[in-house]
Amino acid sequence: MTTLESAGFHQHVIGPTHISGSTLDLVFSCTEENLVTDCFVDPRLSDHHVVCFKICQQKSHSQKHVIVSRKLHLMDVPSFEADFHLLLESSDSQIEDLADHYNRVIKTTLDKHAPEKRSTRSTRLHQPWYNNSIHEARRVRRKHERKWRKSRLEVDHQLYVVQREQVNSLICVAKQEYYKNELAQADTKTVFKKVNTLLNRSTKALPAHESSQDLSNNEKVSNIYKCLENDVVELCNETFTNVDPERSASCSLTNFDVLSENDVLEYVQKSPAKSCCLDPIPTWLIKQHPDMFVPIITKITNDSLMTGAFPACLKQAIVTPLIKKQSLNPETLKNYRPVSNIPYVSKVIEKHVIKQISAYMESNELCDPLQSAYRPLHSTETALLKVKSDIMQHLAKREGVFLVLLDLSAAFDTVNHCALLNRLTSDFCIGGVL
């Protein structure tokens, strides 16, 4: 109590708060604020007496937010498809204009058949485990409570206590069953999400900032670039002319293969129904009506692969900063990991580029035999197994083992495109329109 008083806190509860006569339940407030008044203890409700007090502060109003939505499920799909194909017939053959035209046509057609509607809603806490049994039990509990407060009879109080314990038991069982079923059927990502919810861990904490531009002004990447500037210039000048003639004669990749609509359809069917706010139409609608969208997506993808050009509208992304560990300081920018969400058509192009380059690398045995990243049937687990196996073999021979671990700071953010393209040409014979 002396320590709390020295810190400027005042304890308001006077007298016992438990049926045994102990003062267990306390109310503290800052001495200077006069926030708590009229504090007293009511011993009539339970073994832990009710501590009542007034708070000199206005009640906070529920937060309201604006929701922009379209009634896509009520849309007339045949009429939408007719207008969509009619507007697409005037599309330009240039890949840059074609991608922009695709986005404009979808938005225009949606505005006609499922216009945007704005509504203001209050934020309400939704408990997924809440069911009708709990709702009915709470109604009965409230009924007994009102009857006891009116009659002040001990028998009515006992009925209220029994019903209150029953409500608590139903809530406990409902929570257990809900989270047990959710965790049993969940993947690793969902498990961590549920655990963070139970532990009240927020994954959307951001440093104090006035605008989103402030968060992007991270000098870490620019400082690393300055340290590597001379080495990068030498690398760009040297590796481009250092082409292996034997490898160049045996294999090369100068252009991508043309995709069929079945290739794109296969990816659309297997891809998750995740959407980006930059998408003109949600992914689930594309998956439900592939015959409508797959032809134009195939054309955009093939034009991009054949010309080696990536439309500017598809290069945009929504970047979400996620803190690496909850224990790190949220006010330090380097403690965040940027996660980019790109449009769906960008994912289609990216997927087929990776697929064809990976097939070329594997068929010509261009991958390092000890590489575990970005290869099928390889992962961090295979890398750890290889390291452990080598260590155990050398220890069995009574040889010394030294393990050197190297961590590259901002490895992906500091890749120089000039050096990367020259390395692809010199070491892997990848060039041409690519």
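In this predicted model, Trp148 is a buried residue, with a relative accessible area of 5%. Its aromatic partner, Tyr160, is buried as well, at a relative accessible area of 8%. By the ring-pairing rule, the structure holds eight aromatic pairs. In the pair made by Trp148 and Tyr160, the ring centres are 6.0 Å apart and the planes stand at 0°, so the two rings count as stacked. Trp148 belongs to helix α4 (residues 132-151) and Tyr160 to helix α5 (residues 154-184), so the stack ties together parts that are twelve residues apart in sequence. Trp148 has a charged companion too: Arg152 lies over the face of its ring, at 5.0 Å from the ring centre.

Helix α4 also carries a salt bridge, in which Glu145 is joined to Arg149 with the closest N and O atoms 3.3 Å apart. The two residues are four places apart in this helix, about one turn. Their surroundings can be read from the accessibility values. Glu145 has 14% relative accessibility and counts as buried, whereas Arg149, at 39%, counts as partly exposed.

Attention now turns to the nonpolar interior. The largest nonpolar core is built from 34 residues, and Phe84, Tyr102, Phe293 and Ile297 are those with the most contacts inside it. Two or more residues of this core come from each of the helices α2 (77-88), α3 (95-113), α10 (261-270), α11 (283-288), α12 (290-307) and α13 (344-363). Another core lies apart from it and has nine residues, including Cys251, Tyr360, Leu366 and Phe428.

Phe84 offers a good place from which to look around the 34-residue core. With neighbours within four places in sequence left aside, Phe84 is in contact with Tyr102, Val105, Ile106 and Thr109, and also with Met292, Phe293 and Ile296. Aromatic rings gather here too, as Phe80, Phe84 and Phe293 form one aromatic cluster.

Across the whole structure, a search finds 14 salt bridges. One of them joins the side chains of Asp83 and Lys112, with an N to O distance of 3.0 Å. Asp83 is in helix α2 and Lys112 in helix α3, and this pair links parts of the chain that are distant, 29 residues apart. The two partners sit in contrasting settings: Asp83 is buried, with a relative accessible area of 18%, which falls under the 20% limit, while Lys112 counts as exposed at 58% relative accessibility.

Helix α3 holds a further salt bridge, between Asp111 and Lys107. Their closest N and O atoms are 3.3 Å apart. Because Asp111 and Lys107 are four residues apart in helix α3, about one helical turn separates them. Asp111 counts as partly exposed, at 33% relative accessibility, and Lys107 likewise counts as partly exposed, at 45%. Asp111 and Lys107 also belong to a wider arrangement, as they are linked with Arg70 and Glu116 in a network of salt bridges.

Helix α3 thus appears in several parts of this description. It is one of the elements that give two or more residues to the largest nonpolar core. Lys112, also in helix α3, is the partner of Asp83 in helix α2, and the bridge of Asp111 with Lys107 lies within helix α3 itself.

Methods:
Residues numbered from 1 in each chain as written. Predicted model: local features only at pLDDT ≥ 70, side-chain atom pairs only at ≥ 80, totals over all residues. Heavy atoms only, no water. Core = buried A, V, L, I, M, F, W, Y, C linked by side-chain atoms within 4.5 Å. Buried < 20%, exposed > 50% of the residue type's maximum accessible area, 1.4 Å probe, protein only. Contact = heavy atoms within 4.5 Å. Phe/Tyr/Trp six-rings, centres within 6.5 Å; stacked < 30°, edge-to-face > 60°. Lys NZ or Arg CZ within 6 Å of the ring centre and 35° of its normal. Salt bridge = Lys/Arg side-chain N within 4 Å of Asp/Glu carboxyl O.
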